[in-house]
Amino acid sequence: MSIEEPSDRAERDPRLLRVSHADRDRMVEILRDAAADGRLDIDELEERVERALTARTFADLEPLAEDLPVAAPAPPTVRAPAPTAPADGEVERWHVSGQRLRREGAWVVPRIIELDVHGGSARLDYTVARLPEGGQSTLRISTHGGSVRLTVPPGIAVDLSGISTHGGRVRDNASRHAVPGAAVTHVITVTGSTHGGSVRVEASEAK
């Protein structure tokens, strides 16, 4: 008997991908515009907004706009690479203690970064960075009163679902500026934990 992995199902049906806060907000905006045009009454609007705010996948959003002239947010085009075991040279370990670490410009991104921050800060700017092949990289973090900031351009998505927080803050501001349906060419998977620290993702400033 074979077990189907969630990533395999999502690759065959992109509608099963998880939605972001930006996707939910866009759906609510569509519903409110429809109500303003007289297409939905107050009760219908309240019910659909509640369903939009609690949606987990793009398939949950689709029915909310089936009878409206504007389609629900579409899932991004993401092709998951085949999983491979990292070689020893693909893992880099960085330790920051009361200092500032900055990586910007055309720096070479390791396939796996293990980042330990104690009372300092780390800023990783991926705007013109040289990314590893395969469309995926991993950032394993551990913060103790420190902060981590990622700056990403369009086409790079950051998955923060693997972070456990213990008194820290995790914010993805970049997803709010993402264009619905835009192609994603690289995914940064962030895992680890925050203890009184913070992790923030920002969109690159337009040039």
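**Burial, bridges and charge: the evidence**

Biologist: Why is serine 137 called buried?

Modeller: Its relative accessibility is 3%. Buried means under 20% relative accessible area, exposed means over 50%, and partly exposed lies in between (1.4 Å probe, protein chains only). So serine 137 counts as buried.

Biologist: What kind of model is this?

Modeller: It is a predicted model, where local features need pLDDT of at least 70, side-chain atom pairs count only at pLDDT 80 or more, and totals for chains, interfaces and linings use all residues. Residues are numbered from 1 along each chain as its sequence is written, and side-chain values use heavy atoms, with hydrogens and water left out.

Biologist: Where does serine 137 lie, and what is it in contact with?

Modeller: Serine 137 lies in strand 5, residues 136-144. Helices (H or I, at least four residues) and strands (E, at least two) are DSSP runs, numbered from the N terminus. Contact means heavy atoms within 4.5 Å. Leaving aside neighbours within four places in sequence, serine 137 has contacts that include Val109, Pro110, Arg111 and Pro132. His186, Val187, Ile188 and Thr189 are also on its list.

Biologist: What makes threonine 194 buried?

Modeller: Its relative accessible area is 0%. That value meets the burial cut-off, so threonine 194 is buried. Threonine 194 sits in strand 9, residues 186-195. Beyond four places in sequence, the residues it touches include Ile141, Thr143, Ile163 and Val199.

Biologist: How do you know that alanine 129 is buried, given its place in a loop?

Modeller: The relative accessible area decides, and for alanine 129 the value is 15%. That meets the cut-off, so alanine 129 is buried. The loop runs between strand 4 (121-125) and strand 5. Alanine 129 touches Gly105, Ala106, Trp107 and Val109, with residues up to four places away not counted. Arginine 103 is 26 residues away along the chain, with 8.8 Å between the C-alpha atoms.

Biologist: Why is arginine 48 called buried?

Modeller: Its value is 10% relative accessibility, so arginine 48 counts as buried. It lies in helix 3. With residues up to four places away left out, arginine 48 touches Leu31, Leu40, Leu64, Asp67 and Leu68. Valine 28 is 20 residues away in sequence and 8.1 Å away in space, C-alpha to C-alpha.

Biologist: What makes arginine 15 and glutamate 62 a salt bridge?

Modeller: A salt bridge is a side-chain nitrogen of Lys or Arg within 4 Å of a carboxyl oxygen of Asp or Glu. The closest N and O atoms of arginine 15 and glutamate 62 are 3.4 Å apart, so the pair forms a salt bridge. Arginine 15 lies in the loop between helix 1 (6-12) and helix 2, and glutamate 62 in the loop between helix 4 (58-61) and strand 1 (91-97), so the pair ties together parts that are 47 residues apart in sequence. Arginine 15 is partly exposed at 32%, and glutamate 62 is partly exposed at 32%.

Biologist: How do you know that arginine 51 and glutamate 47 form a salt bridge?

Modeller: Their closest N and O atoms are 3.8 Å apart, so the rule is met. Both lie in helix 3, four residues apart, about one turn of the helix. Arginine 51 is partly exposed at 37%, as is glutamate 47 at 44%.

Biologist: How many salt bridges are there by this rule?

Modeller: The count comes to eight. Glutamate 104 and arginine 102 meet in a salt bridge at 3.1 Å, N to O. Arg93, Glu114 and Arg140 are linked in a network of salt bridges.

Biologist: Why is aspartate 41 called partly exposed?

Modeller: Its relative accessible area is 42%, which lies between the two cut-offs, so aspartate 41 is partly exposed. Its place is the loop between helix 2 (21-36) and helix 3 (42-53).

Biologist: How does the whole chain read, along the sequence?

Modeller: The pattern is α-α-α-α-β-β-β-β-β-β-β-β-β-β. That is four helices and 10 strands. Buried residues make up 35% of the 207 residues. Among contacts between residues at least 6 apart in sequence, 70% join residues at least 24 apart.
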